[in-house]
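Here is a short report on two chains and the rings inside them. Look at the model first, then read on.

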Amino acid sequence: MQLIPCPWCGPREEAEFHYGGQAHVAYPEDPSALTDEEWAQYVFFRDNPSGPFAERWSHSAGCRRWFNAVRDTRSHDLLAVYRAGEPMPEVAS
Amino acid sequence: MTADLTSPLAGWTDRLAALAPALTVSEVPFRSQLTVRVSDPGAVAAMGSALGVVFPSVPCTFTAGEGEFGAVEVLWLGPDEFLVVAAPGLQVPIEEVLRGALGDFRGSVVDTSAQRTTLALEGPHVRDVLAHGCSVDLHPAAAPVGVCVQTLLARTGIVLLVTGEDRVMLLVRSSFAEYLAAWLSDACAEYRAVA
Ligand SMILES: [Zn+2]
């Protein structure tokens with residue numbers, strides 16, 4: 001059982017959370033100006049690092065808030081969690 | 001003609017009572033429940049004084065007080081979300097009062113009384129029984145009186161309130177109540193054997 005520290009509720013079992021993919025993917029400022037290829041990049045293409053990765057998580061069985069987490073994809077260690085709207089903290093990888 | 005009210009666990013009264021003395025379990029049906037979304041501190045304070053109870057400011061806690069509507073509990077459900085719980089039949093006047101307190105601030109007050117029923121649990125084994133299906137640390141040091149957590153109990157979404165050293169209230173969705181009652185009966189089995 002992995003514990004994920006919700007920024008509001010504290011450490012909770014992983015089963016209480018839903019994964020939301022890469023964090024900080026900004027919606028295009030002018031979507032209609034994008035080419036099909038640029039739109040496809042925005043919708044479908046995500047980073048796939050070996051190491052720290054900023055992701056969105058939802059505490060769906062708890063406070064139901066979205067937040068961001070930096071997870072090391074090699075070890076599944078959660079290096080940092082932070083509330084939506086806050087900048088990504090520096091982490092040592 | 002209006003149909004008679006039947007609580008989600010009306011058929012479980014005897015089976016739940018039979019769990020004593022390992023655990024005293026009873027349903028507290030039909031309580032008035034209002035889901036409140038509000039973030040402005042002034043509106044939160046105004047709602048609190050209208051009900052006679054200060055809204056909880058600490059995540060995963062609840063507050064209780066007494067006012068115009070009798071005993072009222074306010075549960076923290078999220079940074080801008082609360083559940084107001086009171087005696088049965090008060091949802092309409094409480095909704096009016098809370099909407100008045102909200103005024104022009106952004107927010108919502110919704111009657112969700114039918115969404116959940118309440119189970120009152122009491123007994124020296126209450127934390128042990130719940131630990132069979134709940135990953136939240138329920139040791140009195142980690143979950144003292146006043147704690148209110150939303151979590152999973154035997155994979156069912158619940159709101160768990162610690163109301164006393166050996167007392168817990170569980171709020172469960174009405175359609176999951178019978179499943180939870182059956183699970184509780186099973187989880188109590190080993191404590192009944194030694195009781
Ligand atoms: Zn949470």
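Which residues do ring pairs link into a cluster? They are A:Tyr27, A:Trp39 and A:Tyr42. Keep in mind that this is a predicted model.

**Aromatic rings**

Over all chains, the count comes to five aromatic pairs. One of them joins A:Trp39 and A:Tyr42, and this pair is tilted. Both residues sit in helix α1 of chain A, which covers residues 36-44. They are three residues apart, about one turn of the helix.

Are these two residues buried or partly exposed? A:Trp39 has 34% relative accessibility, so it counts as partly exposed. A:Tyr42 has 22%, and because buried means under 20%, A:Tyr42 also counts as partly exposed.

Chain B offers another pair, B:Phe55 and B:Phe82. Their planes stand at 65°, so the pair is edge-to-face; the cut-off for that class is over 60 degrees. This pair links distant parts of the chain. B:Phe55 lies in the loop between α2 (41-51) and β3 (62-67) of chain B. B:Phe82 belongs to strand β5 (residues 81-86) of chain B. The two are 27 residues apart. Both B:Phe55 and B:Phe82 are buried.

A pair of aromatic rings is described by the distance of the centres and the angle of the planes. The table gives both values for the two pairs.

| Ring pair | Centre to centre | Angle between planes | Class |
|---|---|---|---|
| A:Trp39 and A:Tyr42 | 5.4 Å | 45° | tilted |
| B:Phe55 and B:Phe82 | 5.1 Å | 65° | edge-to-face |

**Where the chains meet**

Now turn to the interface. On chain A, 12 residues are in contact with 15 residues of chain B. The size of an interface is often given as the accessible area lost when the parts come together. Chain A and chain B bury about 1000 Å² between them. Of that area, 52% is on carbon and sulfur atoms. Which three residues supply 45% of the area that chain A buries against chain B? They are A:Trp8, A:Arg12 and A:Arg65, and they supply more than any other three residues.

How many salt bridges are there between chain A and chain B? The count is three. In one salt bridge, the side chains of A:Arg64 and B:Glu81 meet at 2.7 Å, N to O. Across the interface, seven residue pairs are in polar contact, with both residues at pLDDT 80 or more. The side of chain A that touches chain B has six nonpolar, one polar and five charged residues.

Terms used
Residues are numbered from 1 along each chain as its sequence is written. Chains are lettered from A and ligands numbered from 1 in the order in which they are written. This is a predicted model: local features need pLDDT of at least 70, side-chain atom pairs count only at pLDDT 80 or more; totals for chains, interfaces and linings use all residues. Side-chain values use heavy atoms; hydrogens and water are left out. Contact means heavy atoms within 4.5 Å. Buried area is the accessible area (1.4 Å probe) that two parts lose on being put together, summed over both. A salt bridge is a side-chain nitrogen of Lys or Arg within 4 Å of a carboxyl oxygen of Asp or Glu. A polar contact is a pair of N or O atoms within 3.5 Å; within protein, one must be able to donate a hydrogen and the other to accept it, and residues adjacent in sequence count only if both atoms are side-chain atoms. Ala, Val, Leu, Ile, Met, Phe, Trp, Tyr, Cys and Pro count as nonpolar, Asp, Glu, Lys and Arg as charged, and the others, Gly among them, as polar. Rings of Phe, Tyr and Trp (its six-membered ring) pair if their centres lie within 6.5 Å; planes under 30 degrees apart count as stacked, over 60 as edge-to-face and the rest as tilted. Helices (H or I, at least four residues) and strands (E, at least two) are DSSP runs, numbered from the N terminus. Buried means under 20% relative accessible area, exposed over 50%, partly exposed in between (1.4 Å probe, protein chains only).
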